[in-house]
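Open your viewer, bring up the model and get ready to select a few places in turn. Each stop below tells you what to pick and what you will find there.

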Amino acid sequence: MQTSLVEWLRGQDDGFLAALLRARPDLAVPPPGDLTVLATRASIRASVQRACEDLGTVALTVLDALVLATAWGTPVDATTPGAGLRGWLGPDVDAATVAEGLTALRDRALVWGPDDAVSLVPAAADVVGPWPAGLGAPATGPAASSELDTLLAEVGEDERKVLDVLAQGPPVGRSRNANGSAGPVGSLLDKGLLVRRDADTVELPRQVALALRGDRPMGPLDLSRPDVPLRARETSVVDGTGAGAALEFLRRTDLLLEWLARESVPVLRSGGFGVRELKRAAKAADTDEPTAALILEVLYAADLVGATESVTPEWLPTTTWDVWGTGPEESRWAVLAQAWLELPRLPGLVGRRDETGKPITALSDGPRRPPAARDRRRVLDALADLAPGTSVGSPEDLARLLAWHAPRRGGRLRDETVGWTVAEATAIGVVALDALTTAGRVLLDPALRPDPAHPTRHPTELAAALHAALPAPVEEILLQADLTAVAPGRLSADLAHELAILAEVESAGGATVYRFTERSLRRALDTGRTADDVRAILEARSRTPVPQTLTYLVDDVARRHGRLRGGAVSCFLRSDDEVLLSEVLAHSAAEELGLRRIAPTVMVSSLPLAEVLDGLRAAGFSPAAEDAGGAVVDLGPKGRRTEPRLRRGTRDAGRVVDRSPTNRAEELVERLRAGDRLAGVRDSVAGRRELTGATGNLASLQEAVREGRTVWIGYVDAHGVAGDRVLAPVSVGGGYVEGRDALDGELRRIQLHRITSIAPVDAGAEQPAGRDQARG
């Protein structure tokens with residue numbers, strides 16, 4: 001007797017059902033009430049099609065063979081060589097390969113039953129398509145007669161070529177002679193070896209193709225894993241290279257954020273980041289446009305960049321940047337890497353054109369692709385399956401390997417997505433030398449999925465993985481006579497901060513070159529440092545003596561710096577040198593800045609202090625700003641901010657709920673088992689339900705409490721929805737019945753006036769046996 005899918009599912013253990021729900025998550029939305037519902041969903045065409053997207057080449061080939069064997073109608077034997085399923089697969093596929101394919105199909109509930117009686121969900125035939133294994137539909141007439149071999153032996157050379165091409169699949173072709181009798185196609189139509197589908201299309205009947213294929217009904221099958229070139233490298237080399245790329249990505253990210261804080265970048269009317277603005281951003285970040293687009297997409301996903309809420313919105317860093325930017329490098333990188341991994345977008349599409357011919361811009365709806373995060377993980381998982389330090393020859397080789405693992409997944413951008421993912425992962429530092437880094441392997445850990453309430457909280461394990469790969473921070477620099485300093489490695493946080501104030505980055509890489517200029521030294525003096533402070537820092541931090549040229553530059557800038565002092569009136573300038581003030585007033589810039597003298601040593605202006613100081617510096621003077629006590633203050637731009645999209649204040653940060661896919665699947669299995677038992681009880685009491693009214697309900701329940709019996713209760717909830725429970729009542733009174741749920745042991749309360757029917761439950765009635773089962 002053939003076993004139905006729901007009966008087979010009932011015979012599986014909870015671990016199998018949980019794995020099934022994880023492999024086919026669409027079956028759990030919404031949560032199914034019992035196993036009958038689960039089996040029904042598992043047989044729906046749309047769900048079967050989604051499940052087939054995850055199948056590999058071996059499983060899909062076995063699925064094609066099951067369709068050809070009509071396993072949806074009658075169970076098929078998969079054990080006997082040359083017969084049943086193995087007869088369709090031919091001599092190229094051994095028993096182990098068949099078992100591998102059947103296991104993958106069983107794990108997704110696409111087939112069920114023992115190996116000698118395998119059944120297939122009927123919807124699989126629709127999903128496979130009209131030409132499984134490139135075979136056409138069976139035909140009647142000469143193609144189905146015993147004369148087929150004779151007819152094939154008599155065909156001419158040209159006719160044989162046509163048959164051989166169509167026999168390889170697909171079995172249809174278009175020909176001008178399809179509706180006539182001339183040529184080899186017309187001759188084959190006359191002989192019944194081809195079937196006309198329409199005026200221009202012919203099809204090769206299945207019987208003819210099988211006769212031409214001989215002992216290989218599905219054609220020659222090579223189901224082995226593609227042989228892609230691999231290269232082994234030292235793990236330390238891969239991790240070190242990836243760590244260097246991670247630091248470079250952080251440097252460019254910081255440059256881009258600082259540029260956004262200074263510039264006014266409008267949000268396009270259609271949303272997104274303008275093409276011209278992207279070019280400017282790439283220049284500011286010292287990179288190319290694709291990488292700049294990637295950085296913008298990642299920053300937006302990490303909630304470090306957002307659009308202002310105004311009539312003319314602009315792209316600005318969010319206030320989250322101020323907190324994120326204070327963390328150590330490895331922690332900041334962890335946030336960016338995690339945001340990229342979960343990004344539901346394809347940054348590689350930026351710069352292309354959409355269906356209407358318009359360019360796809362960064363941060364617009366154009367690059368949005370909900371399956372992008374899943375496909376990105378799939379590419380990285382393929383690299384993670386290799387030994388640490390092992391790389392695939394090229395992204396093209398990796399694409400071939402992924403196509404073998406899941407031929408139906410990816411769509412038209414499948415191969416390009418692989419290339420984009422590898423390039424992006426290399427830029428971020430997750431992949432190096434085409435191999436996955438140790439930090440990348442940690443990144444793929446499902447336990448490290450980001451918390452929506454804290455999008456910039458870094459996972460300690462991920463930050464620690466990068467930290468282990470980073471070289472020890474350098475505490476010294478090499479000063480050179482050409483006013484440059486060389487940092488021979490990664491600088492410590494405090495030294496990097498000091499150099500960012502004292503000098504400008506001239507070139508970055510394994511060794512960063514900084515250049516000291518009047519502007520950079522004036523910036524340092526603007527922060528309140530003196531010439532002695534600057535010299536002390538350089539002497540303490542340089543492995544080489546401080547060059548005399550640099551000392552002269554520091555002293556010269558310091559000598560001119562601060563001789564003019566500015567304050568806020570709207571503003572004022574003061575100097576003990578009256579001649580200097582006279583020189584300023586005599587300059588043409590004084591009139592443009594609105595300067596006027598109110599005392600021998602004081603001038604004022606109606607313009608903001610920062611604008612006046614910038615104008616004087618452009619005119620060749622070297623003023624400094626001061627506070628009310630005369631101390632030098634820094635009026636440099638701090639950058640603008642906007643509010644982050646995810647406000648942590650609206651979340652319950654202290655509430656931690658474990659909603660991992662594993663735990664959720666196990667919970668659903670418990671509900672399925674309980675629902676199945678309830679369905680069994682419902683069927684067992686179908687003919688004994690009592691509709692006795694409120695008085696009768698009360699009496700029946702009180703009797704159940706006295707006798708310790710379990711009852712089935714049908715009721716209507718506050719929304720008018722009918723439901724039922726199996727309870728062991730413990731008390732009745734105050735308008736309620738209270739009892740233990742016989743299925744999950746929870747204490748339940750039901751209002752008496754909502755009860756519609758009651759029936760006693762026999763011992764063992766909660767088992768689902770005896771129900772009418774829906775066939776898979």
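## First stop: two crossing helices

Select helix α17 (residues 329-341) and helix α22 (residues 460-469): their axes come within 8 Å and cross at roughly 125°. That angle makes α17 oblique to α22, since angles under 35 degrees count as roughly parallel, over 145 as roughly antiparallel, 65 to 115 as roughly perpendicular and the rest as oblique. Axes here are lines fitted to C-alpha atoms, for helices over the stretch in contact, and angles run from 0 to 180 degrees between N-to-C directions. Helices (H or I, at least four residues) and strands (E, at least two) are DSSP runs, numbered from the N terminus.

Before going on, a word on the model: it is predicted, local features need pLDDT of at least 70, side-chain atom pairs count only at pLDDT 80 or more, and totals for chains, interfaces and linings use all residues. Residues are numbered from 1 along each chain as its sequence is written, and side-chain values use heavy atoms, with hydrogens and water left out.

Back at the helices, the crossing of α17 and α22 is right-handed (the near helix is turned clockwise from the far one by less than a right angle; anticlockwise would be left-handed). Now show side chains: E330, S331, W333 and A334 of α17 make the contact with L462, A463, L466 and H467 of α22, where contact means heavy atoms within 4.5 Å. These residues divide into five nonpolar, two polar and one charged (Ala, Val, Leu, Ile, Met, Phe, Trp, Tyr, Cys and Pro count as nonpolar, Asp, Glu, Lys and Arg as charged, and the others, Gly among them, as polar).

## Second stop: A439

Next, pick A439, which lies in helix α21 (residues 438-443). Is A439 buried or exposed? At 6% relative accessibility, A439 counts as buried (under 20% relative accessible area; exposed is over 50%, partly exposed in between, with a 1.4 Å probe and protein chains only). Leaving aside neighbours within four places in sequence, A439 touches W333, L462, A465 and L466. Of the residues from the first stop, W333 of α17 and L462 and L466 of α22 are among those you can keep displayed.

## Third stop: another helix pair

Select helix α13 (residues 235-262) and helix α14 (residues 275-284), which pack at an angle of about 125° with their axes 8 Å apart. α13 and α14 are therefore oblique to each other, and α13 passes α14 in a right-handed crossing. Look for L255, L256 and W259 in α13, which meet E277, R280, A281 and A284 in α14. By class, this contact has five nonpolar, no polar and two charged residues.

## Fourth stop: a sheet of three strands

Now show the open sheet with the order β3-β5-β4 and antiparallel pairing; two strands pair if DSSP finds at least two bridges between them. Its edge strands are β3 (172-174) and β4 (195-198), each pairing on one side only. The twist averages 35° from one strand to the next. Three bridges join β3 to β5 (residues 201-203), and V172 has E203 as its bridge partner. On the other side, β4 and β5 also pair over three bridges, with R196 partnered by V202. A hairpin of two residues joins β4 to β5.

## Last stop: a sheet of six strands

Finish with the open sheet ordered β19-β20-β18-β17-β21-β22, whose pairing is mixed. β19 (596-599) and β22 (632-633) stand at the edges, each with a single partner strand, so one side of each has no neighbour in the sheet. β19 pairs antiparallel with β20 (residues 602-604) over three bridges, and R597 stands opposite M603. Helix α27 (residues 578-586) packs on the sheet, touching β19 and β20, and its direction makes about 155° with that of β19.
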